[in-house]
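Please open the structure in your viewer and keep the selection tool at hand. The tour proceeds by selections, each followed by a short account of what is found there.

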Amino acid sequence: MVVDSDEQLYVPWPFAPLASRERVRVRVRVGSGNTWTDESEPLEIEAGLLEQDDWVKQLISPSTIGRLDDGAPLLFGSADLDAEPISARLYLTAHGIVEFTINGNRIGDDVFAPGWTAYEKRLRYRSYDVTPLVRRGTNELRALIGNGWYRGQLVWPGNRSSYGDRLGALAQLEVNYADGSREIFGTDDSWGAVPSSILFDDFYDGQRRDLRITDSPEGKRVDSVDVLDGDFARLIAPSGPPVRITETLAAVQLLTTPSGKTIVDFGQNLVGWVRLRVHGEAGTVVTIRHAEVLEHGELGVRPLRSALATCTYTLSGQPEEILQPTFTFNGFRYAEISGVPELALADVEALVLGTDLQRTGWFESSDPRVNRLHENVVWSTRGNFLDVPTDCPQRDERLGWTGDLQVFAPTATFLFDTAGFLSGWLGDLAAEQKPDGGVPYVIPDVLREPDPAAAAWSDAATIVPEAVHHAYGDVGVLRQQYPSMKAWVEKVRSIVGPDLLWRTGAQFGDWLDPTAPPDDASRAQADPAVVATAYFARSVGILACTAETLGLRVEAADYAQLEKQVRAAFISAYVSEDGRVHSDCQTVYALSIVGDLFASERQRAGAGDRLAELVTAAGFRVSTGFVGTPVILDALSTAGYPELAYRMLLEESCPSWLYAVSMGATTIWERWDSMLSDGSINPGSMTSFNHYAYGAVADWLHRCVAGLSPSSPGYRTVDVRPLVTGDLSSASARHLSPYGEIAVEWRLENGQVDLTLTIPYGVTADVWMPGASVAETVRNGSHRLRSELQPLQYASE
Ligand code: BGC
């Protein structure tokens, strides 16, 4: 949706923070595709935060029960209403994660509320319309609280209580009556606490539940509650959708392993829960263990490292019991189930969890392997965008690694409406930034490095806001992040010294270069100083453009000048006259080419030719890590070697994107060879099967293979420029832009390229048919263009 106010404003998600008292005036144009109604009269909507003074209730915690290892406490209270309400709203947050019920009805369909933010500085609350659930008389209010990110394990094994050791809940029920009066109920010292059926819960290790124990206070010794110090200035409204169950998958097959275990295969590596329907005698223990892969026919749990990823249930003996976790999640394709003697396939299903983002991007081609690769990227996004954009969802890690998101952001913004999700995460990034501008490697920052500054990781501070702005055209995200972006660039300036080369400090570099040994992922071919200085140039360039966009003329000119100087320093230190780049490997050429870090045509052409030589010599296999991989195909196509880019994309031998596909991957792997060709798991301790970083190649599929790329923020103008070499006979991409859906499809038949294009109102497209030297400009409507496929003119010819 595009909303025009004084300036153009993109509202990413249906005004969700309705918890607000602040009102803004906007004008709305409604429609999609080519059908738009006129702009509305200015409209008032609610936005912003609940005023601090409006929080009257208190953050409460059980006085003695619910300590670490006690299981999830149940807090309970009530609201006595003298009259029938006309409306009611619940505001809710927690230290921990919370499920709330009113009169036995679960509130909302969101999972793990209130989510994970930089809790010390920003604590999100959620609000719910609970009008249908509240009635005259006594209403029972209950909050079940799990450890979640607040008190569960985070970072490395055994490291719990990152934010505090007491769980708590803050709820405020606002009830409105017909006479205009309002009453507020909620958590305070009149509440009580009891143990629940959840005896243990942890994201890494799983959950233990005894279904013989009820989740109610009846018949239990009641503990009092303490009111904790509540810093309400930390409370923030959500800027994106919550985590929800986004899909239910049926089990595909039941397997019996060589050691006699029963394993369910869901056919897809996913993130979420196993739901099981069982009947058994009271006291029977059902155990579910999870893993992404099998090894030698058994559950392959080694990649999970210390994470136990195990759920156990003690049955109550009811004729039918539904087993489903509450306060944990797993990354898995396989589940090993014990304690259910006659398990039927129909009794098991998988519930897919993730931030409930609207899908906005699609891609297809004539090659099913490439389509599966793209599908794998989508699944890795769904699994890892779980409240925070994480590196991986299964082992004892699951952190918001900045480098991973930075390389993946352009892909993510095309595939899903991530505007609110990523703006919220960027708010946390800014909040966690060090006073001197250093940017932590994970956001929220649970690593707590004293002086974090690493190229490509900390550069998320500039690159992610730019990607969000480019995709959605919302200047607001740049305005919100500008101080953080600037602080980061100034931090690097303070590190580099007068020669502007970034040669000091610890770097992740071209992390997980395939030539690096399994136990040292930073030992890459690319010199970390080349990577770091190239990223410095990029961040300064982004900052200069951002200042320009925000009308900060003087700063824009200063940073443009600095960018020139950093580029000059890079070129003179690392690029030879004939275009050789220091440390001479795929990644350094790719970075130099996409950043155009050259002073002459000779250097530019020389670097392109050298990259082509290296790629050919490597047998078209990938030789790049986290930094080089997102740009290697762009670099080849930019340098005039599109046929090599396709050759590399379609290569199946390891390392390559399609190697994993040929091995049956259903998500993107962390390592090119997470699974070795003999079916054994890579011996490295970092071996995830669900890491989206290498999936950044999908951005190239969208922009270059299908040929759809935004040429100005928010897809106001687009370039349609498909790269047709004959390797594929068709490709298509669709993107639901802020202006409506843009669709491109091309087919190659008998040497003719046939392109169809749908452009919504408000968007202008420059179409470059293969071989054309000028673009044809088209506007809203459907268009069909044809051209002969010209023989390729390679740069080396
Ligand atoms: C994570 C990566 C991350 C890296 C940085 C790993 O453990 O899984 O994806 O970027 O550490 O060091």
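The stops below begin at the ligand and continue to a series of salt bridges. Please bear in mind throughout that the model is predicted.

**The ligand and its shell**

Select the ligand first, and then the residues around it: Asp 391, Arg 395, Glu 397, Trp 401, Asp 404, Trp 457, Phe 508, Trp 511, Phe 626, Glu 670, Met 686 and His 691. By character, this shell comprises six nonpolar residues, five charged residues and one polar residue.

Next, display the side chains of Asp 404, Trp 457 and His 691 together with the ligand. In the side chain of Asp 404, an N or O atom is 2.5 Å from an oxygen atom of the ligand. For His 691, the corresponding distance between a side-chain N or O atom and a ligand oxygen is 2.9 Å. A polar atom in the side chain of Trp 457 lies 3.0 Å from a ligand oxygen. How much of the ligand does the protein bury? The ligand taken alone exposes 310 Å², and the protein buries 96% of that area.

**Salt bridges**

The structure contains 47 salt bridges. Select Glu 218 and Arg 142, which form one of them, with their closest N and O atoms 3.9 Å apart. Glu 218 belongs to the loop between β19 (206–210) and β20 (225–227), while Arg 142 is in strand β14 (residues 137–146), so the pair ties together parts 76 residues apart in sequence. Colouring by accessibility separates the two partners: Glu 218 is exposed, at 56% relative accessibility, whereas Arg 142 is buried, with a relative accessible area of 14%.

Move next to Arg 503 and Asp 499. The closest N and O atoms of this salt bridge are 2.2 Å apart. Arg 503 is exposed, with a relative accessible area of 54%, and Asp 499 is partly exposed at 31%.

Now select helix α8 (residues 553–574) and show Glu 563 and Arg 567. Their side chains meet in a salt bridge with an N to O distance of 3.4 Å. The two residues are four apart in the helix, which means that about one helical turn separates them.

**The network**

For the final stop, select Arg 305, Arg 395, Asp 396, Glu 397 and Glu 670, which are joined into one network by salt bridges that share partners. Keep the ligand visible in this view, as Arg 395, Glu 397 and Glu 670 are also among the residues around it.

Technical notes:
Residues numbered from 1 in each chain as written. Predicted model: local features only at pLDDT ≥ 70, side-chain atom pairs only at ≥ 80, totals over all residues. Heavy atoms only, no water. Near = heavy atom within 4 Å. Polar contact = N/O pair within 3.5 Å; in protein donor to acceptor, adjacent residues only side chain to side chain. Areas by Shrake-Rupley, 256 points an atom, 1.4 Å probe, with all protein chains shown as cover. Nonpolar A, V, L, I, M, F, W, Y, C, P; charged D, E, K, R; others polar. Salt bridge = Lys/Arg side-chain N within 4 Å of Asp/Glu carboxyl O. Buried < 20%, exposed > 50% of the residue type's maximum accessible area, 1.4 Å probe, protein only.
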